[in-house]
Amino acid sequence: MLSVSKIQDAGAARAYYEHTDDYYSKEAGASSAWHGKGARELGLTGTGPVDSKIFEAALQGRLPDGSVIGNPGTGHVPGWDLTFSAPKSVSALALAGVDERLIRAHDEAVKAAMAQIEERAAVTRIKEPSGRIRQERTNNLVAATFRHETSREQDPQLHTHCVVLNATWTDRGWRAIESREIYKLQKEGGEIYRAELAARVAQ
């Protein structure tokens, strides 16, 4: 399934997401990473685990290339948490059963679903000289992904937080995101994740 929620506080988000609980799967790969064409534009992809200082600054609207979005600290929406959760049966087999293959299948399914969301939900608003506001599709997102493996009750629960930052690249520079398209794709994004996961588990 996929849940979507708005992030309210950059500092609190940093403290929560950077906490890792990968007790069950030490060999399944990095539990955090940068994702998206926007992250590639910033030179973040392929750099290893998410740097917490860069992450918090970006949530505040201060990007690694020096760009500033909105008015950081005063009303800027940091981003949105898209959380992909594996079915309980998969979580139990992957974590308690220490099945690295299932954990990798989950990671790949998350990437596949996020690629579709990036292609269809990366939208910003442009104000034309006439004063008219129009939407522009940008096809790029900056996302930090954090794989967690236990529930709040400390039971095995494989899930990944995909934190989509409120930033997308345009030919005018970095702009804030129009988030309605992300919410519209919540149900379909969850269906894509489940289908991709099922296909990979069956291999």
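At what angle do helix 5 and helix 7 pack, and how far apart are their axes? In this predicted model, the two helices meet at an angle of about 145°, and 8 Å lies between their axes. Both of them also pack on an open sheet, helix 5 touching strand 1, strand 2, strand 3, strand 6 and strand 7, and helix 7 touching strand 1 and strand 3.

**The sheet**
- There are 5 strands here, lined up in the order 1-3-7-6-2 with antiparallel pairing.
- Strand 1 (2-7) and strand 2 (32-35) sit at the edges, so to speak, each pairing on one side only.
- On average, neighbouring strands are turned by 25° against each other, direction ignored.
- Take strand 3 (residues 79-85) and strand 7 (residues 156-165): 7 bridges link them in the antiparallel sense.
- Within that pair, Phe84 has Thr160 of strand 7 standing opposite.

**Helices on the sheet**
- Helix 5 covers residues 100-121, and its direction makes about 30° with that of strand 7.
- Helix 7 covers residues 186-201, and its direction makes about 130° with that of strand 1.

**Where the helices meet**
- The crossing of helix 5 past helix 7 is right-handed.
- From helix 5, the residues making the contact include Leu102, Ala105, Ala109, Ala113 and Arg120.
- Helix 7 brings in residues including Gly189, Ile192, Tyr193, Leu197 and Arg200.
- Sorted by character, the residues of this contact come out as 11 nonpolar, 3 polar and 6 charged.

Notes. Residues numbered from 1 in each chain as written. Predicted model: local features only at pLDDT ≥ 70, side-chain atom pairs only at ≥ 80, totals over all residues. Heavy atoms only, no water. Pairing = 2+ DSSP bridges. Helix = DSSP H or I, 4+ residues; strand = E, 2+ residues; numbered from the N terminus. Axes fitted to C-alpha atoms, helices over the stretch in contact; angles between N-to-C directions. Contact = heavy atoms within 4.5 Å. Left-handed = near helix turned anticlockwise from the far one by under 90°. Nonpolar A, V, L, I, M, F, W, Y, C, P; charged D, E, K, R; others polar.
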